[in-house]
Amino acid sequence: MTSQTIIDPPEDGHILNSKASPTALSIHLTINGRAHSLDIEPRVTLLDALRERLHLSGTKKGCDQGQCGACTVHVDGERVLACLTLAAQVEGRSITTIEGLADEDGTLHAVQAAFLEQDAFQCGYCTPGQIMSAVACIREGHAGSDEEIREYMAGNLCRCGAYPHIVAAVRQAAQELRS
């Protein structure tokens with residue numbers, strides 16, 4: 001008979017930096033300008049590290065297969081699907097989630113404000129991923145026309161069908177950011 005050590009979880013039920021298992025990695029992530037250290041299994045996705053380990057629940061888990069865009073975040077300014085990215089792959093890189101998009105004083109990013117003004121969400125589940133993709137779409141220079149916006153936002157699905165409002169919001173934010 002083997003003995004097992006049972007670790008009582010903290011009151012909130014989450015174990016952030018418990019004693020590492022033999023296969024765990026100690027990684028350091030910079031998320032929204034703040035440093036985080038985690039002991040994780042090598043197969044933990046960035047999405048699961050954000051939501052389950054760091055309690056940054058703004059990034060949504062949609063399909064968990066890279067097809068819906070709900071988990072879109074920025075890594076070194078480039079949009080990536082957090083469900084298809086291992087947390088260990090982004091060690092030492094700058095990660096921005098929806099929680100880090102607004103200014104420190106709470107002023108919304110132009111895209112966030114445009115989404116509110118254009119009513120570019122219904123249920124809101126896809127909204128964080130849509131906003132993160134829209135920021136990248138504008139930064140990449142792909143917001144010159146409605147057709148171009150639709151093409152470069154195509155990886156983000158909205159089950160409610162708010163696409164006309166999303167395109168209007170991206171167009172508005174792009175115009176505001178240009179001026």
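The paragraphs below lead through part of this predicted model, going from a helix and a hairpin to a group of packed helices.

A good place to begin is helix α1, which covers residues 46–53 and has six of its eight residues buried, so that this helix is largely enclosed by the rest of the structure. The buried residues are Leu46, Leu47, Asp48, Ala49, Leu50 and Arg53, and they pack against the strands β1 (25–31), β2 (34–40), β3 and β5 (94–96). Just after α1 comes His55, which takes a positive phi of about 60 degrees.

One of the strands that meets α1, β3, also belongs to a hairpin with β4, in which two residues lie between the strands and Asp76 in the turn has a positive phi of about 50 degrees. Strand β3 spans residues 72–75 and strand β4 spans residues 78–81, and the two pair in the antiparallel sense over four bridges. Within this pairing, Thr72 stands opposite Leu81 in β4.

Thr72 also offers a way from the hairpin to the helices, as it is touched by Ser133, a residue placed in helix α3. Leaving aside residues up to four places away in sequence, Ser133 touches Thr72, Arg79, Met153 and Asn156. Ser133 has a relative accessible area of 2%, and because a value under 20% counts as buried, this residue is buried.

Helix α3 itself packs with two other helices, α5 and α2. With α5 (residues 163–178), α3 (residues 127–139) packs at an angle of about 45 degrees, the axes being 10 Å apart, and the two helices are therefore oblique to each other. In this right-handed crossing, the contact is made by Gln130, Ala134 and Ile138 of α3 together with Ile166, Val170, Ala173, Ala174 and Leu177 of α5. By class, the residues of this contact are seven nonpolar and one polar, with no charged residues. The spacing of residues along a helix matters here, because an α-helix has 3.6 residues a turn, so residues three or four places apart point the same way.

The axes of α2 (residues 110–117) and α3 come within 9 Å and cross at roughly 125 degrees, which makes α2 oblique to α3. Here too the crossing is right-handed, and the contact is made by Val111, Gln112 and Phe115 of α2 with Thr127, Gln130, Ile131, Ala134, Val135 and Ile138 of α3. By class, this contact has six nonpolar and three polar residues, and no charged ones. Gln130, Ala134 and Ile138 of α3 thus take part in the contact with α5 and also in the contact with α2.

How values were computed
Residues numbered from 1 in each chain as written. Predicted model: local features only at pLDDT ≥ 70, side-chain atom pairs only at ≥ 80, totals over all residues. Heavy atoms only, no water. Axes fitted to C-alpha atoms, helices over the stretch in contact; angles between N-to-C directions. Parallel < 35°, antiparallel > 145°, perpendicular 65-115°, else oblique. Left-handed = near helix turned anticlockwise from the far one by under 90°. Contact = heavy atoms within 4.5 Å. Nonpolar A, V, L, I, M, F, W, Y, C, P; charged D, E, K, R; others polar. Buried < 20%, exposed > 50% of the residue type's maximum accessible area, 1.4 Å probe, protein only. Pairing = 2+ DSSP bridges.
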